[in-house]
Amino acid sequence: MKFGETFTEYLHGDQEWFLEKCSHVEYKSLKKVLKTCRSCKPLGDSCKSECQLCDQKFFSELTKEASEINGCFSSRVRHLLDLHVASGMQGYLLRLRRYFKNDQQAMVLEGRMLVEYVTMNAIAIRKILKKYDKVHCSENGRNFKSKLRAEHIELLQSPLLIELAAFYLSFNGEKKGEFNEFSSQFSCDFDATPPVMKLRLPHSIKLEYDLTCAVCLDVVFNSYALSCGHLFCKSCACSSASVLIFQGLKTANPESKCPICRQVGVYAKAVHMVELDMLLKKRCKDYWKERFAAERAETTKQSKEFWDAEAKYLIGY
């Protein structure tokens with residue numbers, strides 16, 4: 001079966017109810033644009049690296065679709081994970097509901113559908129870009145994929161995929177059957193050199209993430225992913241941006257750069273990797289306690305120095 005048929009079957013299959021409110025790649029429409037381009041070329045001009053029709057319709061439409069899919073994926077994953085890590089009154093009510101309804105099972109199934117959703121659309125983008133380059137005998141499609149990465153809308157670049165994997169690994173062993181079969185596609189080794197998380201997604205896609213903080217060179221703790229995708233300990237990211245830990249990454253100067261790739265403005269949309277930290281706490285209790293105590297001590301020290309300085313300023317010292 002060709003991918004176009006597989007993708008259509010996915011969109012209108014068992015998960016159609018889940019996909020109704022989700023954006024997706026208009027694979028057939030984009031393929032028609034390429035067919036139109038191919039049919040209108042004069043004889044003898046079988047390859048043309050630039051095509052105004054494709055440049056206007058193809059890439060602008062694909063950018064819009066990738067952005068919408070990324071936004072939909074991010075919002076739904078955030079909602080799912082917020083429910084999982086809920087605390088206070090919200091957490092109490094959710095735990096109470098679990099006596100009457102298997103919400104945990106529903107969360108697990110939704111996470112699985114979200115993984116398949118982002119994977120299928122990522123494959124669709126990859127396939128259609130390959131077709132573009134084949135029709136035009138160019139590398140514009142490959143360059144466009146790099147452009148998606150630079151604009152942080154490349155679907156498999158999302159740090160929320162790491163969060164979903166950590167979400168599943170936290171449940172591993174607590175469920176049986178189909179759940180364990182799916183969660184086995186994710187693995188995380190905090191003791192490896194370097195510490196690593198591996199994802200085996202549908203259709204033989206393999207991803208690997210280094211869980212080393214590039215600043216302290218240790219396993220990331222209370223980690224944040226900057227919008228460029230790089231992971232850091234919260235304290236290390238704050239130090240690099242010259243902000244205090246208790247102030248948080250959101251207060252960083254808009255011109256602050258990622259310590260690795262040096263991109264500007266990557267702090268404003270940083271993602272707190274709560275599930276990853278929960279997994280670290282579960283698997284490496286002593287290490288987590290040690291890092292927690294150190295960060296709390298440093299936060300207390302910074303807070304005291306800050307408020308002492310503020311008090312001296314107010315009284316004129």
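How many bridges join strand S1 to strand S2, and in which sense do the two strands run? In this predicted model, strand S1 (residues 186-189) and strand S2 (residues 196-201) run antiparallel and are joined by four bridges. The two strands form a hairpin with six residues between them, and Asp189 stands opposite Val196 in S2. Strand S2 also pairs with strand S3 (residues 205-210), again in the antiparallel sense, over six bridges. Here three residues lie between the strands of the hairpin, and His203 in the turn has a positive phi of about 65°. Val196, which stands opposite Asp189 on the S1 side, stands opposite Asp210 in S3.

Beyond the strands, the structure holds five salt bridges, among them one between Glu68 and Lys64, in which the closest N and O atoms are 3.1 Å apart. Both residues belong to helix H4 (residues 52-84), where Glu68 and Lys64 are four residues apart, about one turn of the helix. Glu68 has a relative accessible area of 34% and is therefore partly exposed, and Lys64, at 43%, likewise counts as partly exposed.

A similar spacing is found in helix H12 (residues 285-314), in which Lys304 and Asp308 lie four residues apart, about one turn of the helix, and their side chains meet in a salt bridge at 3.0 Å, N to O. Lys304 counts as exposed at 56% relative accessibility, whereas Asp308, at 36%, counts as partly exposed.

The side chains of Glu110 and Arg76 also meet in a salt bridge, at 4.0 Å from N to O. This pair links distant parts of the chain, with Glu110 in helix H6 (residues 103-136) and Arg76 in helix H4, 34 residues apart. Arg76 counts as partly exposed, at 23% relative accessibility.

Methods. Residues numbered from 1 in each chain as written. Predicted model: local features only at pLDDT ≥ 70, side-chain atom pairs only at ≥ 80, totals over all residues. Heavy atoms only, no water. Pairing = 2+ DSSP bridges. Buried < 20%, exposed > 50% of the residue type's maximum accessible area, 1.4 Å probe, protein only.
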